[in-house]
Amino acid sequence: MPSDSVQFRCNICGRANRRPRSELSRESPSCSHCGSNVRTRGLLQALSLELFGMSLALPDFPYVKSLRGLGISDDSSYAYHLDQKLDYRNTFYDQEPRFDIANPPEDEFGRYDFLISSEVFEHVPPPVETAFSNAFRLLKPSGVLVFTVPYSLEPAPAEHFPELHEFGLAQLGDKTVLVNRTREGKVQVFENIVFHGGRGATVEMREFTEQSLKAALTGAGFRDIRIYSENYGPFGIVRSESWSLPIAGRKGPGGLSPDATRDVLEQWWRLKRLEQVFWFRLGRKLGFLR
């Protein structure tokens, strides 16, 4: 195999691939079957490590219907597999089933073992700290938030619309502009808006930095914040930049709940085939074997 090629198994769909290293980028599709890119594969590897302590492809996740998760505008390519394996539901900001992370229903607080989100928090209206605080409140005591957003290594973030209050998009000639009325009644018109792949909820509200994200997570109460910067060739996760990486923050000490541990243990014993390396390693990781 040429040295500039990477042979990998896509951890979203499970298919084998071989790609030139130059084609493995954050956003460009690089799985020949499902079209996943380095960002989505890195996000799901981070979720696997946070939930199970090891890098599992989605098709290899155990069936743990007592492990509850909430997707915030997740891509269908991995949302389908998560729904099959876990007690998971996907939601959206601008279509059904709707879920507004800036203003979630109070009866949702404390219900989830994990939240997963990719390229959403940069679109949440200010103050974005409210969204991170709500994410923290949605989790169970041992829950984890796993997400990606574009961010830079610059010293200061940029909030594009800091006085946003009552706002909407309007067409002005051949331009789409954002019109805002501040709390004090001042009308603002913003041109040169940045959209990410569409209109409406995809307006870029801010540019994060690594430090501003860490501060927002810490301020919301998250602990054990981890930025996943390591490459993982077996899943085709070869990163060409040191920013905009998957991030995880825990509400409390990690580990599966008693119910989730029981479900995994039942599957493990039912299989009774320790020669399958994956199940043997999972049993060791979760303490079933010594």
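**Exercise 1. A hairpin to start with**

Task: Find how strands β1 and β2 pair, and over how many bridges.

Solution:
- Step 1. Strand β1 covers residues 5–9 and strand β2 covers residues 16–20; they pair in the antiparallel sense over five bridges. Strands (E, at least two residues) and helices (H or I, at least four) are DSSP runs, numbered from the N terminus. Two strands pair if DSSP finds at least two bridges between them.
- Step 2. Pick out Val-6: its bridge partner in β2 is Arg-19.
- Step 3. Follow the chain around the turn. Six residues lie between β1 and β2 in this hairpin, and Gly-14 in the turn has a positive phi of about 90°.

Before going on, a word about the model. It is predicted: local features need pLDDT of at least 70, side-chain atom pairs count only at pLDDT 80 or more, and totals for chains, interfaces and linings use all residues. Residues are numbered from 1 along each chain as its sequence is written, and side-chain values use heavy atoms, with hydrogens and water left out.

**Exercise 2. The whole chain**

Task: Work out how many helices and strands the protein chain has, and what share of its residues is buried.

Solution:
- Step 1. The protein chain has six helices and 14 strands.
- Step 2. Of its 290 residues, 48% are buried. Buried means under 20% relative accessible area, exposed means over 50%, and partly exposed is in between (1.4 Å probe, protein chains only).
- Step 3. Now look at contacts, meaning heavy atoms within 4.5 Å. Among those between residues at least 6 apart in sequence, 60% join residues at least 24 apart.

**Exercise 3. The open sheet**

Task: Trace the order of the six strands in the open sheet, and say which strands are at its edges.

Solution:
- Step 1. The order is β4-β3-β5-β6-β14-β13, with mixed pairing.
- Step 2. The edge strands are β4 and β13 (223–227), each pairing on one side only.
- Step 3. On average, neighbouring strands of this sheet are turned by 15° against each other, direction ignored. Such angles use axes that are lines fitted to C-alpha atoms, for helices over the stretch in contact, and run from 0 to 180 degrees between N-to-C directions.
- Step 4. Add a helix: α2 (residues 76–85) packs on the sheet and touches β3, β4 and β5 (112–118), its direction making about 145° with that of β4.
- Step 5. Zoom in on β3 (residues 64–72) and β4, which run parallel and are joined by six bridges. Arg-68 stands opposite Asp-87 in β4.
- Step 6. Helix α4 (residues 210–220) lies across β6 (139–148), β13 and β14 (247–250), at about 155° to β13.

**Exercise 4. Two helices**

Task: Check the span of helix α1, then find what the buried residues of α3 pack against.

Solution:
- Step 1. The expected span of a helix is 1.5 Å times one less than its number of residues. For the 15 residues of α1 (residues 38–52) this gives 21 Å, and the end C-alpha atoms are 21 Å apart, so the two agree.
- Step 2. Mostly covered, α1 has 14 of its 15 residues buried.
- Step 3. Just after α1, Gly-53 takes a positive phi of about 80°.
- Step 4. Turn to α3 (residues 128–138), where the buried residues include Val-128, Phe-132 and Leu-138. The buried residues of α3 pack against β3, β5, β6, β12 (206–209) and α4.

**Exercise 5. Asn-90 and some unusual backbone**

Task: Decide whether Asn-90 is buried or exposed, and find which residues it touches.

Solution:
- Step 1. Asn-90 lies in strand β4 (residues 86–91), and it counts as buried because its relative accessibility is 16%.
- Step 2. Leaving aside residues up to four places away in sequence, Asn-90 touches Gly-71, Ile-72, Ser-73, Asp-74, Ala-79 and Pro-97.
- Step 3. The side chain of Asn-90 reaches the backbone oxygen of Asp-74 at 2.9 Å.
- Step 4. Two of those neighbours deserve a second look. Most residues other than glycine have a negative phi, and most peptide bonds are trans. Ser-73 has a positive phi of about 60° although it is not a glycine; it is found in the loop between β3 and α2. Pro-97, in the loop between β4 and β5, follows a cis peptide bond from Glu-96, with omega near -10°.

Key
Polar contact = N/O pair within 3.5 Å; in protein donor to acceptor, adjacent residues only side chain to side chain.
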